[in-house]
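Okay, thanks for having me, everyone. I'll put the structure up and then talk through a helix pair and some strands.

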Amino acid sequence: MTENFQFTLNKTDAGARLGEISMPRGEIRTPAFMPVGTVGTVKAMYLDQVRETGADIILGNTYHLMLRPTAERVARLGGLHKLIRWEHPILTDSGGFQVMSLSGLRKLDEQGVTFKSHVDGSLHHMSPERSIEIQGLLGSDIQMQLDECVALPAEPKEIERAMEMSLRWAERCRVAFGEQPGKAMFGIVQGGDIPALRVRSAEALSQLDLKGYAVGGLAVGEPQDVMLRMLETTLPVLPVEKPRYLMGVGTPDDILKSVARGIDMFDCVMPTRSGRHGLAFTRRGKVNIRNARHAEDMRPLDEQSNCPASRDYSRAYLHHLVRANEALGGMLLSWHNLAYYQELMQGIRKAIAEGRFADFMAETQEEWARGDL
Ligand SMILES: Nc1nc(=O)c2cc3nc(NCCN4CCCCC4)[nH]c3cc2[nH]1
């Protein structure tokens with residue numbers, strides 16, 4: 001147990017990094033995938049199951065929790081960890097992205113964002129300082145700065161304005177966060193799809209000597225090659241001894257290619273959201289369990305897995321449940337997908353430890369391409 005936040009870089013293999021973050025609430029093995037627990041629940045999952053799949057940390061959202069049940073109520077109830085019964089690390093996003101994507105944004109200026117709740121239409125204002133205050137009330141272990149994420153494609157002037165304001169907000173969040181030894185505040189690199197702005201943002205954030213750095217403003221509709229090129233531009237400018245977190249990413253293929261470029265942490269709703277819609281990620285690629293071809297297939301999704309949802313339930317039953325829109329269908333497929341994502345992360349970490357990440361990446365992509373039996 002450490003009373004501080006400590007990132008250790010154990011090995012690199014080409015561009016891939018094997019590391020570990022030690023925090024008072026536990027260790028995070030990197031590269032890490034963080035299941036998304038938006039409103040204090042990883043949808044359709046018990047958090048004991050989420051832990052069993054191998055997750056070291058989950059993500060929560062300031063935007064959703066400030067609207068319901070409110071940060072003050074969570075604090076009165078003992079904090080998010082106690083309320084949701086997850087005693088391991090939690091990272092919280094700062095709310096900027098969710099305001100843009102979910103709420104009726106009313107105003108965005110130097111002070112912060114003013115928006116209407118998508119829950120009940122009430123009006124809210126969030127400044128950088130208030131976002132950090134909310135994340136503190138929640139008890140978050142890794143807190144994200146408030147930033148402005150611009151959807152792509154966008155005008156260069158607009159991307160530059162948002163990037164520069166996000167830098168000023170990073171400084172305000174750093175001051176508001178202060179010194180909290182067992183916790184961390186991460187900056188978020190912006191700059192859209194413009195290399196020069198990405199470099200400027202990464203350099204300026206590096207000067208703030210933060211405990212970790214996220215790459216934001218991506219996975220917002222740009223092609224994968226643009227996202228990867230922005231990583232190639234940004235990551236070499238960030239301090240090598242600090243963790244890098246690619247926000248909102250992604251598919252298994254996105255993850256492999258981003259690890260190869262030096263990303264340590266990921267989060268995405270893909271495994272859970274897709275699971276609820278009947279899409280399974282497997283070692284042989286994607287399987288749409290709604291497809292009629294599974295109707296009488298008594299094989300499980302993956303007999304080699306140690307996850308019951310992957311090993312013990314037939315495709316025929318999963319097909320039936322999803323077609324009947326039964327809750328158990330989404331539960332089992334979410335469980336399977338999270339287990340597959342963690343199995344992929346474990347394979348990545350093992351391959352880097354053995355100095356064979358490039359081979360692992362090629363073998364994994366070949367097996368995906370072979371497609372489901
Ligand atoms: N504070 C903050 N800043 C960002 O620039 C950001 C950028 C992000 N980009 C995504 N992409 C999510 C893509 N996701 C893929 C699966 C389906 C739903 C959308 N999430 C993000 C979250 C973010 N949070």
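Quick bit of vocabulary before we start: a helix crossing is called left-handed if the near helix is turned anticlockwise from the far one by less than a right angle, and right-handed if clockwise. And keep in mind that this is a predicted model.

So, the helices. Look at H6, residues 128–138, and H7, residues 156–177: their axes come within 8 Å and cross at roughly 45°. Parallel or oblique, then? That angle falls outside the bins for roughly parallel, perpendicular and antiparallel, so H6 and H7 are oblique to each other. As for the hand, H6 and H7 cross in the right-handed sense.

Who's touching whom? On the H6 side you've got Pro128, Glu129 and Ile132, and they meet Trp169, Arg172, Cys173, Ala176 and Phe177 in H7. Sort the residues of that contact and you get 6 nonpolar, 2 charged and no polar.

Now over to the strands. E1, residues 6–13, runs antiparallel to E2, with 7 bridges joining them. The two make a hairpin with 2 residues between them, and Ala14, in the turn, has a positive phi of about 60°.

E2 also pairs with E3, residues 26–30, again antiparallel, this time through 5 bridges. That's another hairpin, with 2 residues between E2 and E3.

If you want one residue to click on, try Ile21 in E2, the bridge partner of Phe7. Ile21 also has Ile28 in E3 as a bridge partner.

Last thing: how much of E2, residues 16–23, is buried? 7 of its 8 residues are, so E2 is largely enclosed by the rest of the structure.

Methods. Residues are numbered from 1 along each chain as its sequence is written. This is a predicted model: local features need pLDDT of at least 70, side-chain atom pairs count only at pLDDT 80 or more; totals for chains, interfaces and linings use all residues. Side-chain values use heavy atoms; hydrogens and water are left out. Axes are lines fitted to C-alpha atoms, for helices over the stretch in contact, and angles run from 0 to 180 degrees between N-to-C directions. Helices (H or I, at least four residues) and strands (E, at least two) are DSSP runs, numbered from the N terminus. Angles under 35 degrees count as roughly parallel, over 145 as roughly antiparallel, 65 to 115 as roughly perpendicular and the rest as oblique. Contact means heavy atoms within 4.5 Å. Ala, Val, Leu, Ile, Met, Phe, Trp, Tyr, Cys and Pro count as nonpolar, Asp, Glu, Lys and Arg as charged, and the others, Gly among them, as polar. Buried means under 20% relative accessible area, exposed over 50%, partly exposed in between (1.4 Å probe, protein chains only). Two strands pair if DSSP finds at least two bridges between them.
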